[in-house]
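Dear colleague,

I am passing on the structure we spoke about, together with my notes on it. Please look through the model first and then read on.

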Amino acid sequence: MAQDNLEPADVLLFTAQFEDRGAAEIVETRDDWAEHAGFDVDKELFAEVIIGLVNEENDELDDVFARMLISRDPENKGCHILWKRD
């Protein structure tokens with residue numbers, strides 16, 4: 001889905017550098033998901049995952065290409081994705 005939702009330059013960058021710097025990380029669920037998902041998000045039932053490239057200087061994932069809100073409930077599988085916008 002990245003090719004349909006990211007700028008071509010971001011797709012090329014992510015594809016070229018993913019093997020060396022690509023990462024996914026579970027982070028604290030941000031409070032802005034209600035406005036994006038259209039419902040109040042229970043942080044116990046959902047997790048936020050960021051996907052991007054790690055900065056080699058400080059070893060932090062700081063070039064985020066997608067934020068995902070993922071249900072932790074096995075009976076209610078689903079996710080919402082916010083893509084990087086330039």
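Below is what was found, from the overall layout down to single residues.

Please bear in mind throughout that this is a predicted model.

Overall layout

The protein chain contains 3 helices and 4 strands, and along the sequence these elements follow the order α-α-β-α-β-β-β. Taken along the principal axes, the C-alpha atoms fill a box of roughly 35 × 30 × 20 Å. Of the 86 residues, 30% count as buried, while the chain as a whole exposes about 6100 Å², with carbon and sulfur atoms supplying 47% of that area. Among the contacts with a sequence separation of 6 or more, 47% are between residues 24 or more positions apart.

Charge

The chain carries 8 positive and 23 negative side chains, and the centres of the two sets lie 3 Å apart. On the surface, Glu 19, Asp 20, Glu 56 and Glu 57 form a negative patch. One member of this patch, Glu 56, sits in the loop between β2 (46–55) and β3 (60–71), and it counts as exposed because its relative accessibility is 66%, against a cut-off of over 50%.

The loop between β2 and β3 also holds Asp 59, whose backbone deserves a look in the viewer. Its phi is near 60°, a positive value in a residue other than glycine. For context, most residues other than glycine have a negative phi. Asp 59 is likewise classed as exposed, since its relative accessibility is 64%.

Salt bridges

Side chains of opposite charge can pair when their charged atoms come close. In this model there are 6 salt bridges, of which I describe three here.

In one of them, Glu 48 meets Arg 30 at 3.7 Å, N to O. This pair links distant parts of the chain, with Glu 48 in strand β2 and Arg 30 in the loop between β1 (22–27) and α3 (33–37), 18 residues apart. As for their surroundings, Glu 48 counts as buried because its relative accessibility is 0%, whereas Arg 30, with a relative accessible area of 41%, is partly exposed.

In another, Asp 32 pairs with Arg 67, the closest N and O atoms being 2.8 Å apart. Asp 32 belongs to the loop between β1 and α3 and Arg 67 to strand β3, so this salt bridge ties together parts that are 35 residues apart in sequence. Asp 32 is partly exposed, at 22% relative accessibility, while Arg 67 is buried, with a relative accessible area of 10%.

A further salt bridge joins the side chains of Asp 63 and Lys 84, at 3.0 Å from N to O. It too links distant parts of the chain, as Asp 63 lies in strand β3 and Lys 84 in the segment after β4, 21 residues apart. Returning to the two pairs described before it, Arg 30, Asp 32, Glu 48 and Arg 67 are joined into one network by salt bridges that share partners.

Two residues to inspect

What does Leu 82 touch, once its neighbours within four places in sequence are left aside? Its contacts are with Trp 33, His 36, Phe 65, Ala 66 and Arg 67, the last of these being the residue that forms a salt bridge with Asp 32. Leu 82 lies in strand β4 (residues 79–83) and is partly exposed, with a relative accessible area of 23%. From Leu 82 to Ile 50 the C-alpha distance is 9.6 Å, for a sequence separation of 32 residues.

Towards the start of the chain, Ala 2 is found in helix α1 (residues 2–5). Ala 2 counts as partly exposed, because its relative accessibility is 27%. Not counting residues up to four places away in sequence, Ala 2 touches Val 11 and Trp 83. Between Ala 2 and Glu 25, which are 23 residues apart in sequence, the C-alpha to C-alpha distance is 17 Å.

If you open the model with one question in mind, I would suggest this one: which residues make up the salt-bridge network? They are Arg 30, Asp 32, Glu 48 and Arg 67, and within this group Glu 48 and Arg 67 are buried, while Arg 30 and Asp 32 are partly exposed.

With best wishes

Conventions. Residues are numbered from 1 along each chain as its sequence is written. This is a predicted model: local features need pLDDT of at least 70, side-chain atom pairs count only at pLDDT 80 or more; totals for chains, interfaces and linings use all residues. Side-chain values use heavy atoms; hydrogens and water are left out. Patches are made of residues with over 30% relative accessible area and no salt bridge: like charges are joined within 9 Å, nonpolar side chains (Val, Leu, Ile, Met, Phe, Trp, Tyr) within 5 Å. Accessible areas come from the Shrake-Rupley method with a 1.4 Å probe; for residues, only the protein chains shown count as cover. A salt bridge is a side-chain nitrogen of Lys or Arg within 4 Å of a carboxyl oxygen of Asp or Glu. Lys and Arg count as positive and Asp and Glu as negative; His and the chain ends are not counted. The place of a charge is taken as NZ of Lys, CZ of Arg, CG of Asp or CD of Glu. Helices (H or I, at least four residues) and strands (E, at least two) are DSSP runs, numbered from the N terminus. Buried means under 20% relative accessible area, exposed over 50%, partly exposed in between (1.4 Å probe, protein chains only). Contact means heavy atoms within 4.5 Å.
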